[in-house]
Every structure is written in structure tokens, then in C-alpha cells.
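This report is meant for someone meeting this structure for the first time. Please look over the sequence and the structure below before reading on.

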Amino acid sequence: MTAPAAVQPALGDANTLPSGCYWSTDPDDGLLLIPGCMARVQDPDADCTCATLAARLARVEEELREEREKAAYARRWYAAVAEALDAHPAGREIRTDAHRRAGR
Ligand SMILES: [Zn+2]
């Protein structure tokens with residue numbers, strides 16, 4: 001097993017875990033592989049199958065696109081509900097009740 005020449009990232013905590021394999025230094029200054037993919041969990045000498053930075057970026061961009069679609073739908077839904085409430089005889093009371101339920 002040979003360590004790549006790349007600079008090792010800092011160790012993270014539960015919120016900043018590295019998203020791929022990396023090398024760390026143990027207390028005796030030996031190199032320690034921290035696997036980030038199943039290929040290296042099973043065999044440290046295997047080729048790393050962690051997502052590339054470009055693949056991770058593409059995944060995050062897709063998640064952002066999906067969240068934007070959800071937000072756009074939520075805005076359309078809110079506008080439709082507001083119009084329905086405006087047209088309903090009890091709309092004002094329903095809106096007041098909804099605001100109370102939402103904590104606003
Ligand atoms: Zn890996």
C-alpha cells in the first residue's frame with residue numbers, strides 16, 4: 001500500500017467528515033488509510049471508487065435543482081391557496097387560524 005503524494009485533509013468531526021478516502025498519520029507517524037468507499041474498506045490496496053469532485057458537484061447541483069423546483073411549487077401552491085382564501089366567505093378566519101397554527 002502506497003500513500004498518494006496529495007496533501008491529507010484535516011480530520012473532521014461528525015459534521016465535517018471527509019467525503020472520500022484519505023490518508024492520516026497515526027501517533028507513530030505511520031500512514032493510515034481512512035477509507036471513504038467500500039472498495040477500500042474491503043481492500044486497502046484496491047483502486048479508490050470515491051466520487052470525484054466533478055461527480056459530487058453534479059450530484060449537489062441536481063439536489064439544488066430539485067430543491068428549487070420544490071420551492072417554486074410551494075410558491076405556486078401558496079399563491080393558489082391565498083387566492084382561494086380571498087374568494088372564500090370564511091377566508092379571513094381560516095387565514096387567521098392558519099397563521100396561529102403556524103406560529104405566526
Ligand atoms: Zn475511496
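## The strand pair

Strand β1, which covers residues 22–25, and strand β2, which covers residues 31–34, pair in the antiparallel sense, and the pairing runs over four bridges. The model in which this pairing appears is a predicted one. Of the residues of the pair, Tyr22 stands opposite Ile34 in β2, while Thr25 has Leu31 in β2 as its bridge partner.

The two strands, β1 and β2, form a hairpin that leaves five residues between them. Asp29 belongs to the loop between β1 and β2, and its phi is near 65°, a positive value in a residue other than glycine. As a general background to that value, most residues other than glycine have a negative phi. Is Asp29 buried or exposed? Asp29 has 6 C-beta neighbours inside 10 Å and therefore counts as exposed.

## The chain as a whole

Taken together, the secondary structure of the protein chain comes to three helices and two strands, and along the sequence these elements follow the pattern β-β-α-α-α. Buried residues make up 2% of the 104 residues in the protein chain. Among the contacts in the protein chain with a separation of 6 or more, 15% are accounted for by residues 24 or more positions apart.

## Helix α1 and the loop after it

Helix α1 consists of residues 38–42, and Ala39 is found in it. Because Ala39 has 16 C-beta neighbours inside 10 Å, Ala39 counts as partly exposed. Which residues does Ala39 touch, not counting residues up to four places away in sequence? Ala39 touches Ala46, Asp47, Cys48 and Thr49. In addition, the C-alpha atoms of Ala39 and Cys50 are separated by 8.7 Å, although these residues are 11 residues apart along the chain.

Cys48 has its place in the loop between α1 and α2, and with 16 C-beta neighbours inside 10 Å it counts as partly exposed. Leaving out residues up to four places away in sequence, Cys48 touches Cys21, Cys37, Ala39 and Arg40. Cys48 and Pro35 are 13 residues apart in sequence, and their C-alpha atoms are 8.5 Å apart in space. Thr49 is likewise found in the loop between α1 and α2, and Thr49 is exposed, with 12 other C-beta atoms within 10 Å. Apart from its neighbours within four places in sequence, Thr49 is in contact with Cys37 and Ala39. Thr49 and Cys21 are 28 residues apart in sequence, and the separation between their C-alpha atoms is 8.8 Å.

## Helices α2 and α3, one by one

How does the span of α2 agree with what its number of residues leads one to expect, and what is that span? At 1.5 Å a residue, the 35 residues of α2 should span 51 Å, and the end C-alpha atoms of α2 are 51 Å apart, which agrees. The helix α2 is hardly covered, since the count of buried residues among its 35 residues is zero.

The corresponding reckoning for α3 starts from 12 residues, which at 1.5 Å a residue should span 16 Å; the end C-alpha atoms of α3 are 16 Å apart, which agrees. The helix α3 is also hardly covered, with a count of zero for buried residues among its 12 residues. Gly103 follows α3, and the phi of Gly103 is positive, near 80°.

## How α2 and α3 pack

Helix α2, residues 53–87, and helix α3, residues 91–102, pack at an angle of about 135°, and their axes are 7 Å apart. An angle between 115 and 145 degrees falls outside the ranges for roughly perpendicular and roughly antiparallel, and α2 and α3 are therefore oblique to each other.

On the side of α2, the contact is made by Leu85, Asp86 and Ala87, and on the side of α3 by Gly91, Ile94 and Arg95. The residues of this contact of α2 with α3 divide into three nonpolar, one polar and two charged.

Conventions
Residues numbered from 1 in each chain as written. Predicted model: local features only at pLDDT ≥ 70, side-chain atom pairs only at ≥ 80, totals over all residues. Axes fitted to C-alpha atoms, helices over the stretch in contact; angles between N-to-C directions. Parallel < 35°, antiparallel > 145°, perpendicular 65-115°, else oblique. Contact = placed C-beta atoms within 7 Å. Nonpolar A, V, L, I, M, F, W, Y, C, P; charged D, E, K, R; others polar. Expected span 1.5 Å × (residues − 1). Buried ≥ 20, exposed ≤ 12 C-beta atoms within 10 Å, placed from the backbone. Pairing = 2+ DSSP bridges.
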